[in-house]
Amino acid sequence: MHASAPHPEGLTPSEAIAWQRRQAPRVETTDRLPALAELTRVAGVDVGFEDLGRITRAAVAVLSYPDLQPVEQAIARLPTTFPYIPGLLSFREAPAVLAALAQLSALPEVLLVDGQGLAHPRRFGLACHLGVLTDLPAIGVGKTRLTGTYVEPGQERGAWSPLEHKGETIGAVLRSRSGVAPLFISIGHRISLPTALALTMACTRRYRLPETTRAAHRLASG
DNA sequence: GCGACAG
DNA sequence: ATCTTGTCGC
């Protein structure tokens, strides 16, 4: 894997914010990935912590598509060097995720990232950060909201409503399973919102979270 | 100044 | 995210 830009090291919070503002224009919001009918490898990305937070543990679970069977996995453990600050999650989690991705024998065609993409105050959440640095298509799949307002979507599986912020649609609030709390889907990189929603639904079976995310979560935590 | 705030 | 058992509901 070769990154299209180095991951910034040792930045202060205000420097990290400035960096995000400079990178945000690099996010591609249209589809530049295989048609869903041609997809073969999708991956879930998640991060967990060990040793009271001193160690960051990132996991990538690659699944076949559309059958969603495990194909390959990678785990990377790195010392935690940045605190959790809303809006700056990438600086805490991305280094470990990039290290895990570098271990894969073959990169997936798209990343489903645990967190936000464009649904971020500066339009550069973790999914955008990882997508732009690796130049891989990526989708932000958040379990809760960081920013934006929305109307509660219908209770049936597949129902969704736009997530808006400052006059723009930054993502969608998706009911992945009937009657469960919705997911916050947003563009990470190289994918449109409609395609991101379709792929998230295609990766979701019996549970609220996509199988990709579940697999990665088990490796990063459980 | 007062809330909100991915994981 | 993480510290943690049982319990309510389908």
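Visitor: Let me start with a small detail: which side chain has a polar atom 3.3 Å from the backbone nitrogen of leucine 136?

Guide: That's threonine 134. Bear in mind that this is a predicted model, so the distance comes from computed coordinates. To read a pair like this one, check the gap against the cut-off: N or O atoms within 3.5 Å count as a polar contact.

Visitor: Where is threonine 134 placed, and is the residue buried or exposed?

Guide: Threonine 134 belongs to helix 3, which runs over residues 126-134. Its relative accessible area is 6%, so threonine 134 is buried.

Visitor: Next, the cysteines. How many disulfides does the structure hold?

Guide: The general idea first: a disulfide covalently links the sulfur atoms of two cysteines. In this structure the count is zero. Take cysteine 128: the closest cysteine sulfur belongs to cysteine 203 and is 18 Å away, which is too far for a bond. Going the other way, cysteine 203 has cysteine 128 as the nearest cysteine sulfur, at 18 Å, and is in no disulfide.

Visitor: Are those two cysteines buried or exposed?

Guide: Cysteine 128 counts as buried because its relative accessibility is 0%. Cysteine 203 is buried as well, with a relative accessible area of 0%.

Visitor: How do I read the nonpolar core, and which residues have the most contacts inside the largest one?

Guide: In soluble globular proteins, nonpolar side chains tend to be buried together. Here the largest core has 63 residues, and those with the most contacts inside it are Val42, Val60, Val110, Leu111, Leu130, Ile139 and Ile185. Helix 2 (residues 89-101) supplies the largest share of this core, seven residues. There's another core lying apart from it, made of five residues that include Ala119, Leu163, Val173 and Phe184.

Visitor: What does isoleucine 139 touch, beyond residues up to four places away in sequence?

Guide: Among its partners are Val110, Leu111, Leu112 and Val113, along with Ala127, Ile185 and Leu199. Ser186, Gly188 and Thr200 are also included.

Visitor: What does alanine 215 contact outside its neighbours within four places in sequence?

Guide: Ala61 and Leu63. Leucine 63 and alanine 215 are 152 residues apart along the chain, yet their C-alpha atoms are separated by 8.7 Å. Alanine 215 is in helix 5, residues 211-220. With a relative accessible area of 9%, alanine 215 is buried.

Visitor: Now the DNA. How many residues surround strand B, and which polar contacts can I look up there?

Guide: There are 17, the closest being Tyr84, Gly87, Lys143, Thr144 and Arg145. Of the strand B atoms within 4 Å of the protein, 50% are sugar and phosphate. A useful habit is to ask which part of the DNA and which part of the residue take part. For lysine 143, a backbone N or O atom lies 2.8 Å from a phosphate oxygen of strand B. For arginine 145, a polar side-chain atom is 2.7 Å from a phosphate oxygen. Leucine 126 has a polar backbone atom 3.1 Å from a base nitrogen. The surface near strand B divides into six nonpolar, six polar and five charged residues.

Visitor: And which residues surround strand C?

Guide: Gly48, Phe49, Lys143, His217 and Ser221. They divide into one nonpolar, three polar and one charged. Phenylalanine 49 has a backbone N or O atom 3.4 Å from a strand C phosphate oxygen. Lysine 143 has a polar side-chain atom 3.4 Å from a phosphate oxygen of strand C, while its backbone has a contact with a phosphate oxygen of strand B.

Conventions
Residues numbered from 1 in each chain as written. Chains lettered and ligands numbered in written order. Predicted model: local features only at pLDDT ≥ 70, side-chain atom pairs only at ≥ 80, totals over all residues. Heavy atoms only, no water. Near = heavy atom within 4 Å. Polar contact = N/O pair within 3.5 Å; in protein donor to acceptor, adjacent residues only side chain to side chain. Nonpolar A, V, L, I, M, F, W, Y, C, P; charged D, E, K, R; others polar. Disulfide = S-S within 2.5 Å. Buried < 20%, exposed > 50% of the residue type's maximum accessible area, 1.4 Å probe, protein only. Helix = DSSP H or I, 4+ residues; strand = E, 2+ residues; numbered from the N terminus. Core = buried A, V, L, I, M, F, W, Y, C linked by side-chain atoms within 4.5 Å. Contact = heavy atoms within 4.5 Å.
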